[in-house]
Protein chains: 2
Amino acid sequence: MSNQAVPLSLDLTAVPCCPPLTQQRVSGETAALLAPAFKALGDPVRLQLMSMIASAEGGEACVCDLTPAFDLSGPTISHHLRALREAGLVDSERRGTWVYYRARPQLLRQLAALLAVEPTAPADS
Amino acid sequence: MSNQAVPLSLDLTAVPCCPPLTQQRVSGETAALLAPAFKALGDPVRLQLMSMIASAEGGEACVCDLTPAFDLSGPTISHHLRALREAGLVDSERRGTWVYYRARPQLLRQLAALLAVEPTAPADS
DNA sequence: CCTCTAGGTTGACACCTGTCTAATCAACGT
DNA sequence: ACGTTGATTAGACAGGTGTCAACCTAGAGG
């Protein structure tokens, strides 16, 4: 189940990988590749889901633990998890009855690098 | 013109400010506050606009320089710039005939901090 | 006052999204 | 084979989004 619905060029090796947004203009290609990831994080529910998955002990979270944390139906959570999966931010694996989601740090790192800003004030550098 | 359309609680002082997503669960409030920023960056055009503004020399970019860089109408660019502005990512100022946009590093820093991931492999640290 | 130029605003349109219920699928125990 | 539980898929619907053409506003300069 893990990679089936991601036929995109989500190699991420395809991306020149992120000179900070503030230092070099993002190319159209890079933008087209990374914007979907930001978009996936652009929903409060998905942002929390991402965090719950990424910060879970063992590095993975069971859907059965994620769903009850929200006031939303199961299918809706499933829908958001799929969005995260198709964005390349998480990976899923079925083990027995349960499905576990796991963060994929590669893309997260690229996003973080892209948003990097020099320390605090441009004066104290 | 700068701050008029942002009555939101975009203090950003309101946010506990970003223990990394991977280390602590993002609260509902933090998610509600930061997700719109990710959402604003979740469009290729806006991501490029953000980059062009943030990386511009002098720290600001004129709309007259931004618009011709895309194959889009003026109003569409204006629409995207507004989205960035209302997300708290940029600020605009009119000087004479032209309007200049400038990045607001605060929020960018928060987003980057939120996405921070420990180096690369937990092995080679 | 008039006009020219740079941007923004409005209204319209097609499309995408978040949410739900209902139906379906997958694995485990009888 | 059957029923139960966990999760995804399908279909539907309201609301949001990206885009444009048309119009409007703000300065600069006659």
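## Terms and basis

A polar contact is a pair of N or O atoms within 3.5 Å; within protein, one must be able to donate a hydrogen and the other to accept it, and residues adjacent in sequence count only if both atoms are side-chain atoms. This is a predicted model, in which local features need pLDDT of at least 70 and side-chain atom pairs count only at pLDDT 80 or more, while totals for chains, interfaces and linings use all residues. Residues are numbered from 1 along each chain as its sequence is written, chains are lettered from A and ligands numbered from 1 in the order in which they are written, and side-chain values use heavy atoms, with hydrogens and water left out.

## Phosphate contacts of DNA strand C

An N or O atom in the side chain of Tyr101(B) lies 2.9 Å from a phosphate oxygen of DNA strand C. For Ser78(B), a polar side-chain atom is 2.9 Å from a phosphate oxygen of this strand, and for His80(A) the distance from a side-chain N or O atom to a phosphate oxygen is 2.3 Å.

## Surroundings of the strand

Among the 22 residues around DNA strand C (near: a heavy atom within 4 Å), those that come nearest include His80(A) and Tyr101(B). Of the strand's atoms within 4 Å of the protein, 81% belong to sugar or phosphate, and the rest belong to bases.

## The two chains

Chain A is superposed on chain B by a rotation of 180 degrees with 0.0 Å of shift along its axis, at an RMSD of 0.0 Å (least squares on the C-alpha atoms of residues with pLDDT of at least 70 in both). This is the relation of a two-fold axis.
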